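Dear colleague,

Please find below the structure that I am handing over to you, followed by an account of what was found in it.

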Number of protein chains: 4
Amino acid sequence: MSVPDQTLRDLVIGNRILAHQNVVDAYGHISVRHPSNPEHFLLSRSRGPELVVEADIMEFTLDGKVVGDDRRPPYTERFIHGAMYEARPDVNAVVHSHAEETLAFGLTNVPMKPVIHLARSMGPHVPVWDIADKFGDNTDLLVANVDHGRDLAERMGDAAVTLMRGHGFTAASASIVDVVRLAVYLPVNARVLTMAMAFGSYKALAAGEISGRSGFDPGLPAYWRAWEYWARRAGVGDRLGEMP
Amino acid sequence: MSVPDQTLRDLVIGNRILAHQNVVDAYGHISVRHPSNPEHFLLSRSRGPELVVEADIMEFTLDGKVVGDDRRPPYTERFIHGAMYEARPDVNAVVHSHAEETLAFGLTNVPMKPVIHLARSMGPHVPVWDIADKFGDNTDLLVANVDHGRDLAERMGDAAVTLMRGHGFTAASASIVDVVRLAVYLPVNARVLTMAMAFGSYKALAAGEISGRSGFDPGLPAYWRAWEYWARRAGVGDRLGEMP
Amino acid sequence: MSVPDQTLRDLVIGNRILAHQNVVDAYGHISVRHPSNPEHFLLSRSRGPELVVEADIMEFTLDGKVVGDDRRPPYTERFIHGAMYEARPDVNAVVHSHAEETLAFGLTNVPMKPVIHLARSMGPHVPVWDIADKFGDNTDLLVANVDHGRDLAERMGDAAVTLMRGHGFTAASASIVDVVRLAVYLPVNARVLTMAMAFGSYKALAAGEISGRSGFDPGLPAYWRAWEYWARRAGVGDRLGEMP
Amino acid sequence: MSVPDQTLRDLVIGNRILAHQNVVDAYGHISVRHPSNPEHFLLSRSRGPELVVEADIMEFTLDGKVVGDDRRPPYTERFIHGAMYEARPDVNAVVHSHAEETLAFGLTNVPMKPVIHLARSMGPHVPVWDIADKFGDNTDLLVANVDHGRDLAERMGDAAVTLMRGHGFTAASASIVDVVRLAVYLPVNARVLTMAMAFGSYKALAAGEISGRSGFDPGLPAYWRAWEYWARRAGVGDRLGEMP
């Protein structure tokens, strides 16, 4: 089934925003569930997100197999994305990132709590997945097959974000716009939290302040404003669609 | 009543400087009191400050109602600005920002004191406003109506800056040039203070060293120098007016 | 007496490098002693260093008076420079900066020691000058007259750098190339030292490792390499003279 | 013996990537062993790596002597490179850097352990070399002759990286692509580790997670992806060869 042009453009915009905002570098990626086939997802070929264009997008089944006769090298860690779509019908877009401000939380027992309103969509609890718990010490920490991906998804449960020890994080949400926003503000929240912890005791967001997460409305001007701004800064303003 | 062209240009310059200096990102805004109608103020439509041009400026009453038949979406948090102008006749320009270096001070009991001479216009005491104190935990922390705005203004009292827990800060001053300067150096002061606190006990500015605040003279070359420099760096040097 | 063209160009290069390397912003300045009249020095008019060109350079006597009938506004703090040239015949170039990484050392009792070889020209001991010690609390911390400048120079003694509490630092050296190098690496040394102090006890440079300072040889390719590199990055490579 | 054009281009790409990624500034350098004469190596003349082009590359013997009648000034510290190639037949490319995030580990007794998978090629143990241990306090800390270089190589043993107290680090690996990758991610690892140490106890990479180092395969798309991405960002994408 063919993919709407704007979906491809939005996925390119997502790649470029994440690169421009330093959420990803040569590594890290963003995918979207196929709009008309929930058993497939769309993800760039193996390429730095800053360089991705529409023609780089490949189609995969949820167990990470390439759809069609596309022979270009895919990302090793496409299994992260497939496992999320398999386990979570509410999820339509996934980001995997090595953003360094989040990494220390995955190496220690310090919980990564939401403390700023811009990051409230991260939810009240961020689990930490350690690949060694199930697969031992002889891995390169990458999510390199379906089993790794499913174990990650199981640890994530219904959370919006999971930290991956010594590796990075995976974020999942209802749309490309929403998951990019979450991925951009997660490192900001991590920096603010790190600073507050050094000061002493701090006040995290309350349950009521967080629960707005499920109420994401992409039609709000305030959400579109950030998407438009980041896209223009990243040089892909010409790919922007209509505000929903 | 019509707005002088240079007022609109100065407001655009203020938007662009704050964006270029990383005081605001997609969010945060700057307003100015209407030069000939103190019951109105001027503020961009809902748009990232880096993208704002003169045509984006809208006019509001102090309770946040749009003046005229302008149907463009306004910022949700325009009530911050109206409440400041209502409570403080000395205030002619307001900045709201989420600058991350200041956020930890709003999450803890650590006072944000002035320690560098460039930030002395922040005054001796920066109050912290917690929206939950009056409105409980079921908010998204935004100043979304007149009541929120007035509560913030009440907490601010006659201070130059108020921290907003989990959200950011609001700064108010006599002019656009002055409030931009304050908003630029507040995060610098926060970084220096954070570093000094890690070293141990530190010396804050003395009362006499701070009290120059009321004596702001926009005609001084030293003040104009920063405004000109920041404007040129932000690419809006062509909008600069004459040095007062 | 006329000033050699290359001296003016070198002073412009110094301004631009310091701005590009974030050692100065709208504030901070660099001067050079007049090559043929040791009782005069050269310094830009009141302007952000990133914008300075040759035509902005003014000439001053050591007590900060403008030479000739130049009516352009000078920097308020030109007295820093004059007092250095007056007190220190070995000094031919001076930088004043607010570089934030150095400020915390001026607010506390923590000594700013040299720990990296690139900063060894800062010398073994960096005194802290507090304007309040002699002039009380009713200043704006600026070096606004000859008395302030001379008190600063007295505190500095024969050091290469003095911290100014709540304000910044002043560095003095034998040439423009040398003082720019010192001003660029001082904040780097401060960041490394801050990190090392958080780790615990650290090893500072030994006396023998520092004492090379007096042996600065501008003819060494390794010194010229940095000057050339910084100048080209700052967009003023076309002003470079011959390697001495 | 003549050097293949792509080797020269790769060495230029390496220089530019290291500069663009802030691993080197005016100082620091990268070399490669001569592809057809293992007793020689290739290194730029004394020049900031961001400015290096193919014509700047000089040829040296392992004791740091210039090959041929090339009279251009070489880097003072070319002895670092020669000593590595002399002591380690497995090494074909060397980076020397002053990256500031790594420096504090060389000033203290805190071990720089690998904690993120992208840095696993740094190996399990990073020794610290202190020039003063053998050569006393009357040096400028530079590796200025063959004896300094050989002492550094001896301390390094079979490690991939050695810290140099008060100075920087040296990294050695099988190829230009591999050593650049190591040099880029070493400061990232240092920042994450510094943050984790401030949180409390942390989990470093396990032995099995690190041991993949010897298995570097430059033919993997995932390795090429970073090389291509960094080269394009640094403006030298036109020099890229074919993916191996």
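**A residue in chain D and its surroundings**

D:Val192 is placed in helix H6 of chain D, which covers residues 176-199. The model is a predicted one, and every value in this message is to be read in that light.

Is D:Val192 buried or exposed? Its relative accessible area is 1%, and because buried means under 20%, D:Val192 is classed as buried. Apart from neighbours within four places in sequence, D:Val192 has contacts in two chains: A:Glu100, A:Leu103, A:Ala104 and A:Leu107 in chain A, and D:Val115 and D:Ile116 in chain D. By contrast, D:Asp133 lies 59 residues from D:Val192 along the chain, and the C-alpha atoms of the two are separated by 30 Å.

**The interface of chain A and chain D**

The contacts of D:Val192 with chain A lead on to the interface as a whole. Chain A contributes 34 residues to the contact and chain D contributes 30 residues. Together the two chains bury about 2900 Å², of which 60% is on carbon and sulfur atoms. Which three residues supply more than any other three of the area that chain A buries against chain D? They are A:Tyr27, A:Glu100 and A:Leu107, with 23% of that area. Two of these names, A:Glu100 and A:Leu107, also appear among the contacts of D:Val192.

The rule finds five salt bridges across the interface of chain A and chain D. In a salt bridge between these chains, the side chains of A:Asp130 and D:Lys203 meet at 2.7 Å, N to O. Twelve residue pairs are in polar contact across the interface, both residues being at pLDDT 80 or more. On the side of chain A that touches chain D, helix H3 (100-107) and helix H6 (176-199) of chain A each supply at least two residues. H3(A) gives the largest share of that side, six residues. By class, that side of chain A holds 14 nonpolar, eleven polar and nine charged residues.

**The interface of chain B and chain C**

Here 30 residues of chain B are in contact with 34 residues of chain C. The area buried between chain B and chain C is about 2800 Å², with 60% of it on carbon and sulfur atoms. Five salt bridges are counted between chain B and chain C. B:Arg233 and C:Glu50 meet through their side chains in a salt bridge of 2.7 Å, N to O. Twelve residue pairs, both at pLDDT 80 or more, are in polar contact between chain B and chain C.

On the side of chain B that touches chain C, the elements giving two or more residues are helix H6 (176-199), helix H7 (207-210) and helix H8 (221-233) of chain B. H8(B) gives the most, nine residues. That side of chain B has 18 nonpolar, three polar and nine charged residues.

**Symmetry and the pairs without contact**

How many degrees of turn lay chain B on chain C? A turn of 90° with a shift of 0.0 Å along the axis does so, at an RMSD of 0.0 Å. This is the relation of a four-fold axis. Within chain B, the C-alpha nearest the axis belongs to B:Ala198, at 5.9 Å from it.

Two pairs of chains remain to be mentioned. Chain A and chain C are joined by no contact, and their closest C-alpha atoms lie 12 Å apart. Chain B and chain D likewise do not touch, with their nearest C-alpha atoms 12 Å apart.

With kind regards

Note on methods:
Residues are numbered from 1 along each chain as its sequence is written. Chains are lettered from A and ligands numbered from 1 in the order in which they are written. This is a predicted model: local features need pLDDT of at least 70, side-chain atom pairs count only at pLDDT 80 or more; totals for chains, interfaces and linings use all residues. Side-chain values use heavy atoms; hydrogens and water are left out. Contact means heavy atoms within 4.5 Å. Buried area is the accessible area (1.4 Å probe) that two parts lose on being put together, summed over both. A salt bridge is a side-chain nitrogen of Lys or Arg within 4 Å of a carboxyl oxygen of Asp or Glu. A polar contact is a pair of N or O atoms within 3.5 Å; within protein, one must be able to donate a hydrogen and the other to accept it, and residues adjacent in sequence count only if both atoms are side-chain atoms. Helices (H or I, at least four residues) and strands (E, at least two) are DSSP runs, numbered from the N terminus. Ala, Val, Leu, Ile, Met, Phe, Trp, Tyr, Cys and Pro count as nonpolar, Asp, Glu, Lys and Arg as charged, and the others, Gly among them, as polar. Buried means under 20% relative accessible area, exposed over 50%, partly exposed in between (1.4 Å probe, protein chains only). Copies are superposed by least squares on the C-alpha atoms of residues with pLDDT of at least 70 in both.
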